[in-house]
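Please open the model in a viewer and keep the selection panel at hand. The tour proceeds from one selection to the next.

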Amino acid sequence: MTTACTLPAMYSCGHKLDDGDSFLGLLESPCRASSDRELLQRQMAEDGYLFLRDCLDKEEVLAARRHILAQLAAEGQLDPSAPLMAGKPEPGAKLFFQPELAQKNNPPLQHLLYHPHGNLMRFFSLFLDGEIRHFDFTWLRCISPGLATPSHCDIVYMGRGTRKLYTAWVPLGDVDFKMGGLMVLENSHKNERLQNTYGQRDVDSYCSNRPDDPARTASGLNGWLSEDPNQIRHSLGSRWLTAEYCVGDVVVFCMDLVHGGIDNRSDRLRISSDSRYQLASEPVDERWI
């Protein structure tokens, strides 16, 4: 495994991540999407995530990327002097959360993420050993150069159904360290103190009971743990883990894993999707279907 000292300087929410072997490392990928169910489930229980290289059909990923970029170009959000697939934003364009590009008229992305016989749905059917349902809502991000998503756990946003719910983070294009990508806090899914405090919150109801909580915003609880990733790592222990991602890669993780984004210090958009999957027989959070 490559040591943390070989990694370049990386930032999250404007904070330089502490470097050194004890603070920063690389995601491991010991499993493939075709691995046997027992191995996949054991690895998920141990790590809280599965980093699956070459899980998706590369041409399908690129088709979804092309469709999204064509939509952005039609809106005047891309630099017309650069190739479409480069994803270079128009100077001054500030893009971040773009779910409307996933929900309306986007057959390539819907096929990639949700086709019953597609690679991702077949993986979850193997992993969870049963009929799968997915959330109807897709979290699509087109991140302009700048700050990333602060660190959080997904359970506070979608905890009204089964806890056996999983996120698939899909980079819709190659993502190097400069562009930044997903980072996860090693072993944070095993932190019972975090699960019994922060993990019991609900972004849509918590602040109605705790009006003076400092996490409250005008729209309720933002769900973030902190905008300072070093403070989170120091408080919870362990290391931040990340990687350079390629077209076709997927990171699947559980609801209790602390994760966030690395700042985009490139001149291009970082495009990725978050989609959620569970057994059809389990209770589902009604907000997302």
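Begin by selecting strand β12, where Val250, Val252 and Cys254 point one way and Val251 and Phe253 the other way, and all are buried. Buried here denotes a relative accessible area under 20%, exposed over 50%, and partly exposed in between (1.4 Å probe, protein chains only). Strands (E, at least two residues) and helices (H or I, at least four) are DSSP runs, numbered from the N terminus.

The model is a predicted one, in which local features need pLDDT of at least 70 and side-chain atom pairs count only at pLDDT 80 or more, while totals for chains, interfaces and linings use all residues. Residues are numbered from 1 along each chain as its sequence is written, and side-chain values use heavy atoms, with hydrogens and water left out.

**The partners of β12**

Keep β12 displayed, five of whose five residues are buried, and add β4 (49-52). β4 and β12 pair in the antiparallel sense over four bridges; two strands count as paired if DSSP finds at least two bridges between them. Within this pairing, look for phenylalanine 51, which stands opposite valine 251 in β12.

Next add β7 (166-171). Four bridges join β7 to β12, and the two run antiparallel. Here alanine 168 is the residue opposite valine 252 in β12.

**Helix α1**

Select residues 37-47, helix α1, and colour Leu40, Gln43, Met44 and Asp47, which are buried. These residues cover an arc of only 100° around the axis, which puts them on the same side of α1; the arc is that of the directions from the helix axis to the C-beta atoms. An α-helix has 3.6 residues a turn, so residues three or four places apart point the same way. Rotate to the other side of α1 to find Glu38 and Ala45, which are exposed.

Against which elements do the buried residues of α1 pack? They pack against β4, α5 (119-128), β7 and β12. At the N-terminal end of α1, aspartate 36 acts as a cap, with a side-chain oxygen 3.2 Å from the backbone nitrogen of glutamate 38. Just after the helix, glycine 48 takes a positive phi of about 80°.

**Tyrosine 245**

Move to tyrosine 245, in the loop between β11 (240-242) and β12 (250-254). Is this residue buried or exposed? At 1% relative accessibility, tyrosine 245 counts as buried. Not counting residues up to four places away in sequence, tyrosine 245 touches residues including Phe51, Trp169 and Val251, a contact being heavy atoms within 4.5 Å. A polar atom of the tyrosine 245 side chain lies 2.7 Å from the backbone oxygen of leucine 182. Such a polar contact is a pair of N or O atoms within 3.5 Å; within protein, one must be able to donate a hydrogen and the other to accept it, and residues adjacent in sequence count only if both atoms are side-chain atoms.

**Glutamine 278**

Select glutamine 278 in strand β14. Glutamine 278 is buried at 1% relative accessibility, and its side chain reaches the backbone oxygen of proline 283 at 3.1 Å. Leaving aside neighbours within four places in sequence, glutamine 278 is in contact with ten residues' worth of surroundings to inspect, among them Leu128, Phe135, Thr162 and Val284.**Salt bridges**

A search of the whole structure finds 18 salt bridges, each a side-chain nitrogen of Lys or Arg within 4 Å of a carboxyl oxygen of Asp or Glu. Select aspartate 154 and arginine 276, whose side chains meet in a salt bridge (2.8 Å, N to O). This pair links distant parts of the chain, with aspartate 154 in the loop between β6 (139-143) and β7 and arginine 276 in strand β14, 122 residues apart. Both aspartate 154 and arginine 276 are buried.

Now select aspartate 267 and lysine 88, which form a salt bridge with the closest N and O atoms 3.9 Å apart. Aspartate 267 lies in the loop between β13 (259-261) and β14 (270-279) and lysine 88 in the loop between α2 (58-74) and α3 (100-103), so the pair ties together parts that are 179 residues apart in sequence. Aspartate 267 is partly exposed at 44% relative accessibility, and lysine 88 is partly exposed with a relative accessible area of 32%.

Finally, select aspartate 19 and lysine 16, whose side chains meet in a salt bridge (3.2 Å, N to O). Aspartate 19 is partly exposed, with a relative accessible area of 46%, and lysine 16 is partly exposed at 36%.
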